[in-house]
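Subject: Two-chain model, handover and notes

Hi,

Here is the structure I promised to pass on. Please open it alongside this email, and my notes follow below.

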Amino acid sequence: MKFTLKILKDFPAYLWSGWGAIASILLFIALWDMGNQIYGNLVLPSPLETFQTLIAMLGDESVIAEIKTTLYRASIGFGISLVVGTTFGLLAGFFATASMMSRPIVTILVGMPPIAWIVLAMIWFGMGDETVIFTVIVASFPIIFVGSLQGTRTLDGDLKEMARSFKLPWHMKFFDVYFPHIFSYVFPAWVSGLGMAWKIVVMAELLATSDGIGASLAVARSQLDTPTALALVVIMISSLMFVEYIILEPIKREVELWRS
Amino acid sequence: MEKLEVKNLNHHFGFTEILRDINFTLNKGQVLSVVGPSGGGKTTLLHLCAGLLDVEEGSATNTFVSSSFAFQDARLLPWKNVIDNIALGLLAAGEKKRVAIEKSKKIALEFGLEEDDFDKFPKDLSGGMRQRVSFARALVVKPSLLFLDEPFSALDIGLKKELQSILIEMISKKEISILFITHDLMEAIRLSDEILLLKADPGHIVKKFSYDLAQNQRDDEYVYAQSAKILQDKEIITTFELEIK
């Protein structure tokens, strides 16, 4: 509770520190507009046109439904990865054999290109939700698993000994000694896992489904509707930026205040 | 009567013999030092006595009602501020949060920390300050027995004296018993009622020295004189010089 309040209290100062970021985004948009003036509307629509299309799209219920579909798939996939990845990572971290055995498997999972997973998933599950969700899980699971494994493996033996010398009860051992350390590894892994999930969900949709943002992107491509394609990209990026900079980053800052 | 009694204690790590046939008794209100060269098994002995390692052969019976441990390095929790670090032992002993914080603040001030430091994380403290916090954490629980694992070795002379005089005051009030591990003979002479000399490979006790003068009456002269005397002891020479070779 105290923690949440502190995050909220520091939030305005955090936002205020974002002017530099906003300036750089505006500069990027200026470059984009320059690109439009050089290459013309078909190749690169102007930012103005893109944002106008975007606003029109956001007023359209069918587009909102597509966004919701994508959001649903990404959250289910990411949610499963988060729970399963964190749990297995912790378990593997506590047992030396398990962490040794899991390493090559993680390498395989990380090394396998997501596009290959999509093809396999299309064969296994057909065209639909399952294929997309499966791909999202497979892509974000190893990131979260490794983060959680590292967190557990790197627990400081000296601190464990200190905890034992003060005869800390198990709940204090967990919440005061283990948890903050593990969390400082797991949380960044969740953030990168989320980024990965959000990218993969669109890619999988583009190839394997007929609805969602990815599918809309495929339609825009076939109709050479560049403004719509770009507007969709803007939706993707701005939603990711919102989650990352407005929600996760302030939490991360508070959580990692103790780090040097 | 509270005491720590070690009988016929042997210890191995794998096939390496670390400690052989250790015997001693530490009574309430006493300060017992174990001196010896580094790598001689001193820390292992301390860990066995404190229950951080399991005794395999022989026994180490601790009947003191409470104990705490001050390590060579501070071992503070990096994600907790100064006060929360000090309060850790109190909370573990079941003290109410508010009382624990209050006691911690009080002892922090006694140990030369300032109110500005209370909310700092260990990363923002100097090495000496960290050691103060670590000491405060060990002493705030008012332990009946204190285990000290060379806690002064990384400190400058001023801070070393300051922390030692806090201990000496507690010793002269008979508030505390101490099992003290060090390789610094002068430190041992300043604080101890009894010094055990631990020779390495495997660690075994070769000699015992006793000091009767009350700790708060030992001045520098006394410590220097006794150190000079002890340094001429044959066992001391062989035990420590073996290391140099």
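Start in chain B, with strand S1 and strand S4 (residues 57-62): the two pair in the antiparallel sense over five bridges. One register to check is B:Val6, which stands opposite B:Ala60 in S4(B). Keep in mind that this is a predicted model.

**The three-stranded sheet of chain B**

S1(B) has another partner. Strand S1 (residues 3-13) and strand S2 (residues 16-27) of chain B run antiparallel, joined by eight bridges. The two form a hairpin with two residues between them. In that turn, B:Gly14 has a positive phi of about 60 degrees.

B:Glu5 is a handy marker. On the S2(B) side, B:Glu5 stands opposite B:Thr25. On the S4(B) side, B:Glu5 stands opposite B:Thr61.

Put together, this is an open sheet of three strands in the order S2-S1-S4 (chain B), with antiparallel pairing. S2 and S4 of chain B are at the edges with a single partner strand each, so one side of each has no neighbour in the sheet. Neighbouring strands here are turned by 20 degrees against each other on average, direction ignored.

A salt bridge sits around the ends of these strands in the sequence. The side chains of B:Lys28 and B:Glu2 meet at 3.5 Å, N to O. B:Lys28 lies in the loop between S2 and S3 of chain B, while B:Glu2 lies in the segment before S1 of chain B. The two are 26 residues apart, and the pair links distant parts of the chain. Over all chains, the count comes to 25 salt bridges.

**The six-stranded sheet of chain B**

Chain B also holds an open sheet of six strands, in the order S5-S6-S7-S3-S8-S9, with mixed pairing. Its edge strands are S5 and strand S9 (204-210) of chain B, and each pairs on one side only. The average turn between neighbouring strands of this sheet is 15 degrees, direction ignored.

Inside the sheet, strand S3 (residues 31-35) and strand S7 (residues 177-182) of chain B run parallel, with five bridges between them. For B:Leu32, the bridge partner in S7(B) is B:Leu179. H4(B) packs on the sheet and touches S5 and strand S6 (145-149) of chain B. The direction of H4(B) makes about 170 degrees with that of S5(B).

**Chain A**

Chain A comes to 11 helices and zero strands. Its C-alpha trace spans about 70 × 50 × 30 Å along the principal axes.

**Where the chains meet**

How many residues does each chain bring to the contact? Chain B gives 22 residues and chain A gives 19 residues. The area buried between chain B and chain A is about 1,900 Å². Carbon and sulfur atoms give 69% of that area. On the chain B side, B:Leu52, B:Arg75 and B:Trp79 supply 35% of the area that chain B buries against chain A, more than any other three residues.

Now the polar side. There are three salt bridges between chain B and chain A. One of them joins B:Lys80 to A:Asp176, with the closest N and O atoms 3.3 Å apart. Six residue pairs are in polar contact across the interface, both residues being at pLDDT 80 or more.

Which elements of chain B give two or more residues to the side that touches chain A? They are strand S5 (67-70), helix H2 (82-92) and helix H4 (127-139) of chain B. H2(B) gives the most, with four residues. By type, the residues on this side of chain B are 12 nonpolar, five polar and five charged.

**Two backbone spots to look at**

Most residues other than glycine have a negative phi, and most peptide bonds are trans. Two places here go the other way.

- The peptide bond from B:Asp201 to B:Pro202 is cis, with omega near -20 degrees. B:Pro202 is in the loop between strand S8 (194-199) and S9 of chain B.
- A:Lys167 has a positive phi, near 50 degrees. A:Lys167 is in the loop between helix H8 (157-165) and helix H9 (170-208) of chain A.

Best wishes

Notes
Residues numbered from 1 in each chain as written. Chains lettered and ligands numbered in written order. Heavy atoms only, no water. Contact = heavy atoms within 4.5 Å. Buried area = accessible area lost by both parts, 1.4 Å probe. Salt bridge = Lys/Arg side-chain N within 4 Å of Asp/Glu carboxyl O. Polar contact = N/O pair within 3.5 Å; in protein donor to acceptor, adjacent residues only side chain to side chain. Nonpolar A, V, L, I, M, F, W, Y, C, P; charged D, E, K, R; others polar. Pairing = 2+ DSSP bridges. Axes fitted to C-alpha atoms, helices over the stretch in contact; angles between N-to-C directions.
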